[in-house]
Amino acid sequence: MAQTVCVIPSAADLAHLSAIVADRAQSLKHIQRARIVLLSAERLSVLDVARQAGVSRPAVWRWQQRYAEEGVEGLLRDKTRPPGKPPHSTDTVAEVLALTCSEPPGEVTHWTGRALAQAVGISLRSVQRIWDAHRLQPHRVRSFKRSNDPAFAEKVEDIVGLSMDPPRHAAVLSLDEKSQIQALERTRPSRPVTPGRPVTPGRPETQTHDYVRHGTTTLFAALDVLEGTVIGRCMQRHRHDEFLRFLNTIEAAVPAGKLIHVILDNYATHKHPKVRAWLARHPRWIFHFTPTSASWMNAVEGFFSALTRRRLKRGSFSGIVDLQAAINRYITEHNDRPKPFVWTKPAAAILNAVNGNAAPSE
């Protein structure tokens with residue numbers, strides 16, 4: 001490409017171009033194009049114009065030609081360009097969707113983007129765009145567990161009713177045990193504790209895979225649904241004897257005169273004959289058992305999840321005493337800022353979702 005025009009702007013165009021260059025709100029590319037034409041009007045060489053405008057010589061020739069053909073308005077408007085590649089046909093899109101929703105060949109369990117692109121004869125990015133447009137995610141799988149409890153509906157209505165409309169002058173506790181919590185000390189063999197690197201921009205925190213196991217502990221915890229506080233106690237074993245000791249701890253913590261409604265699972269320890277005898281001696285206690293395979297109905301599971309993610313998973317403990325002290329400190333911090341548990345899904349909506357009549361909420 002070479003210079004084919006001689007730029008001779010009119011007085012009106014010179015004023016207009018000067019105003020564009022002086023306007024600080026204008027786009028940088030518009031200012032640059034206006035400067036090219038103004039410098040060209042001063043009869044400078046193409047090389048000098050390119051140097052002062054900070055562009056290449058072909059760019060100078062291009063905008064000189066555009067000004068000669070379309071005037072100042074041509075400098076402020078970009079030409080439309082046809083797409084580099086035509087969009088895929090509906091047949092190709094339909095083939096991608098059909099293959100994605102079918103079994104892949106061979107011994108693999110699901111389609112990958114590269115395998116599907118090779119099978120259809122298009123690019124990986126094209127497959128990804130089609131998947132995004134139709135909300136397909138073959139690389140993901142969502143597991144589920146359906147309860148086979150014959151009294152599932154009755155138990156759901158009981159627990160949901162207890163959570164959404166708790167009785168007056170009563171404590172509603174969600175109780176469970178987190179057993180086999182390991183006291184792991186992050187070390188390397190024959191070396192002292194090896195600290196990981198802290199998080200930095202572009203790099204996550206690091207932690208060694210090596211550890212020394214110092215034993216386990218079991219956390220008995222009861223979440224007060226109305227207050228959001230947690231009563232917790234760490235014990236060495238997970239039997240009915242420890243469970244009874246924890247019940248006595250709760251009995252001493254809850255003010256006299258209040259009924260105690262406890263939501264818990266069907267673990268054998270909770271139904272031991274000695275536990276039943278203890279309940280007979282404490283008539284203010286009422287147990288509400290969750291359905292089989294429905295631990296998601298027990299609110300204290302959320303506390304266990306937060307405890308694992310925020311304190312235990314990355315922790316390093318020199319022994320069981322150190323682990324139990326860390327758990328007790330976490331419970332104390334939690335109780336300093338308690339948050340009541342609020343159940344929002346009515347029992348009818350849960351039963352409809354389980355029966356396939358409605359999609360359960362996330």
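This is a short guided tour of a predicted model, moving from the whole chain to its sheet, its cores and a few single residues.

**Stop 1: the whole chain**

Start zoomed out, with the cartoon on display. The protein chain has 13 helices and five strands. Its radius of gyration is 35 Å, well over the 21 Å that the globule rule gives for 362 residues, so the chain is more spread out than a compact globule. Turn the C-alpha trace along its principal axes and you will find that it spans about 105 × 55 × 50 Å. Colour by accessibility next: 36% of the 362 residues count as buried. As for contacts between residues at least 6 apart in sequence, 66% of them join residues at least 24 apart.

**Stop 2: the sheet**

Now select the strands. They form an open sheet of five, in the order 3-2-1-4-5, with mixed pairing. Look to the edges for strand 3 (230-235) and strand 5 (285-289), each of which pairs on one side only. From one strand to the next, the twist averages 25°.

Select strand 1, residues 170-186. Strand 1 is mostly covered, with 13 of its 17 residues buried. Which way does strand 2 run beside strand 1, parallel or antiparallel? The two run antiparallel and are joined by eleven bridges. To see one of these pairings, show L184 together with its bridge partner in strand 2, R213. Strand 4 pairs with strand 1 in the parallel sense, over five bridges. Here, pick A170 and its bridge partner L259 in strand 4.

Carry on to strand 4, residues 259-264, which runs parallel to strand 5 and is joined to it by five bridges. Show L264 and you will find F289 of strand 5 opposite.

**Stop 3: helix 11 and the cores**

Add helix 11, residues 300-312. This helix lies across strand 1, strand 2 (211-224) and strand 3, and it runs at about 25° to strand 1.

In soluble globular proteins, nonpolar side chains tend to be buried together. Where does that show up here? Show the side chains of L219, F303, L312, L323 and I327: these have the most contacts inside the largest nonpolar core, a set of 21 residues. Strand 1, strand 2, strand 3, helix 11 and helix 12 (320-336) are the elements that give two or more residues to this core. Centre the view on I327 and hide its neighbours within four places in sequence; what remains in contact with I327 is I181, T217, L219, C234 and L312.

There is also a second, separate core of 20 residues; to find it, select V254, I260, V275 and L279, which are among its members.

**Stop 4: helix 8**

Go to helix 8, residues 152-164, and pick out two residues. V160 is found in this helix, and at 2% relative accessibility V160 counts as buried. What does V160 touch, apart from residues up to four places away in sequence? The list is D165, M297, W343, K345, P346, A347 and I350. Try a distance label as well: the C-alpha atoms of V160 and T344 are separated by 9.1 Å, although these residues are 184 apart along the chain.

Then select S163, also part of helix 8. S163 is buried, with a relative accessible area of 9%. Beyond its neighbours within four places in sequence, S163 is in contact with I263 and W343.

**Stop 5: two loop residues with positive phi**

Follow the chain back to the loop between helix 7 (124-133) and helix 8, where you will find R135. R135 is not a glycine, yet it has a positive phi of about 55°. Is R135 buried or exposed? R135 counts as exposed, at 78% relative accessibility.

On the other side of helix 8, in the loop between that helix and strand 1, select H169. Phi of H169 is near 55°, a positive value in a residue other than glycine. H169 is exposed too, with a relative accessible area of 69%.

**Last stop: the cysteines**

Finish by selecting the cysteines. How many disulfides are there? The count comes to zero. Two cysteines to look at are C6, exposed with a relative accessible area of 55%, and C101, which counts as exposed at 63% relative accessibility.

Notes. Residues numbered from 1 in each chain as written. Predicted model: local features only at pLDDT ≥ 70, side-chain atom pairs only at ≥ 80, totals over all residues. Heavy atoms only, no water. Pairing = 2+ DSSP bridges. Helix = DSSP H or I, 4+ residues; strand = E, 2+ residues; numbered from the N terminus. Axes fitted to C-alpha atoms, helices over the stretch in contact; angles between N-to-C directions. Contact = heavy atoms within 4.5 Å. Disulfide = S-S within 2.5 Å. Buried < 20%, exposed > 50% of the residue type's maximum accessible area, 1.4 Å probe, protein only. Core = buried A, V, L, I, M, F, W, Y, C linked by side-chain atoms within 4.5 Å. Rg over C-alpha atoms; globule rule 2.2 N^0.38 Å.
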